[in-house]
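The following exercises concern disulfides, burial, nonpolar cores and salt bridges. Each task is followed by a worked solution.

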Amino acid sequence: TSTSTSSSTTSSTSTSTTTSTSTSSSAYDFSYELILSGNKRLVDYDSLDNLIVRVEDQSQDWCEYQCNLNEDCAGYEYKINRNDVMVCRLFKNVEGPTFFGNQDGETYRKMYPTTSTSSTTSTSSS
């Protein structure tokens with residue numbers, strides 16, 4: 001008489017963790033909030049302490065893009081001057097007192113993008 005016994009046990013565990021963080025920053029990530037319109041202007045719109053640059057005969061898109069590229073730019077003014085010329089002014093600060101000027105225009109505040117982070121974790125056992 002012959003007796004045979006066989007036993008087999010297989011166990012497997014696998015764990016995988018993936019974490020990804022994405023921070024996007026380009027000149028197009030900024031948005032702008034209209035803060036002054038009509039003939040209302042910043043008091044220090046021409047102050048050397050606040051004015052980054054003043055440029056004539058450029059589009060509003062160009063003006064906004066230049067503000068995007070400049071880290072010191074807090075916002076910009078886009079208006080028609082007394083000679084019917086479009087003027088773009090980039091400012092270090094768009095907060096503060098205002099007054100009523102002679103020409104209509106708009107002043108915009110740069111809104112900074114938020115950083116998004118996403119994490120994914122998956123665990124499987126078999």
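**Exercise 1.** Determine whether Cys73 is buried or exposed, and identify the cysteine to which a disulfide joins Cys73.

*Solution.* Step 1: Cys73 has a relative accessible area of 0% and is therefore buried; the scale sets buried at under 20% relative accessible area, exposed at over 50% and partly exposed in between, with a 1.4 Å probe and protein chains only. The model is a predicted one, in which local features need pLDDT of at least 70 and side-chain atom pairs count only at pLDDT 80 or more, while totals for chains, interfaces and linings use all residues. Residues are numbered from 1 along each chain as its sequence is written, and side-chain values use heavy atoms, with hydrogens and water left out.

Step 2: The disulfide partner of Cys73 is Cys67, at an S to S distance of 2.0 Å; the criterion is a pair of cysteine sulfur atoms within 2.5 Å. Cys67 is likewise buried, its relative accessible area being 0%.

Step 3: The angle about the S-S bond of Cys67 and Cys73 is -95°, and this link is left-handed.

**Exercise 2.** State how many disulfides a search of the whole structure finds, and describe the link of Cys63 and Cys88.

*Solution.* Step 1: The search returns two disulfides. A disulfide is a covalent bond between the sulfur atoms of two cysteines.

Step 2: In the pair formed by Cys63 and Cys88, the sulfur atoms are 1.9 Å apart. The angle about this S-S bond is 75°, and the link is right-handed. Because Cys63 belongs to helix α1 and Cys88 to strand β5, the pair ties together parts that are 25 residues apart in sequence. Helices (H or I, at least four residues) and strands (E, at least two) are DSSP runs, numbered from the N terminus.

Step 3: Both Cys63 and Cys88 are buried. With bonded cysteines counted along the chain, the disulfides follow the pattern 1-4, 2-3.

**Exercise 3.** Identify the buried residues of helix α1 and what covers them.

*Solution.* Step 1: In α1 (residues 60-69), the buried residues are Cys63, Cys67 and Asn68. Viewed down the helix axis, they fall within an arc of 140°, so they line one face of α1; the arc is that of the directions from the helix axis to the C-beta atoms.

Step 2: The cover over these residues includes β2 (31-42), β4 (75-80), β5 (86-91) and β6 (98-111).

**Exercise 4.** List the residues of the largest nonpolar core and the contacts of Cys88.

*Solution.* Step 1: A nonpolar core is a set of buried Ala, Val, Leu, Ile, Met, Phe, Trp, Tyr and Cys residues joined through side-chain atoms within 4.5 Å. The largest has ten residues: Phe30, Tyr32, Cys63, Cys67, Cys73, Tyr76, Tyr78, Cys88, Leu90 and Tyr108. To this core α1, β4 and β5 each supply at least two residues.

Step 2: Another core of six residues lies apart from it, including Leu36, Tyr45, Leu51 and Val94.

Step 3: Contact requires heavy atoms within 4.5 Å. With neighbours within four places in sequence set aside, Cys88 contacts Val53, Arg54, Val55, Trp62, Cys63, Glu77 and Tyr78.

**Exercise 5.** State how many salt bridges the structure holds, and determine which residues are joined into one network by salt bridges that share partners.

*Solution.* Step 1: The structure holds six salt bridges, each a side-chain nitrogen of Lys or Arg within 4 Å of a carboxyl oxygen of Asp or Glu.

Step 2: One of them pairs Glu77 with Arg41, with the closest N and O atoms 3.0 Å apart. Glu77 lies in strand β4 and Arg41 in strand β2, so this bridge ties together parts 36 residues apart in sequence. Both Glu77 and Arg41 are buried.

Step 3: Asp46 pairs with Arg89, with the closest N and O atoms 3.4 Å apart. Since Asp46 is in the loop between β2 and β3 and Arg89 in strand β5, the pair ties together parts 43 residues apart in sequence. Asp46 is partly exposed at 42% relative accessible area, whereas Arg89 is buried at 6%.

Step 4: The side chains of Arg54 and Glu56 also meet in a salt bridge, at 3.0 Å from N to O. Salt bridges that share partners join Arg41, Asp46, Glu77 and Arg89 into one network.
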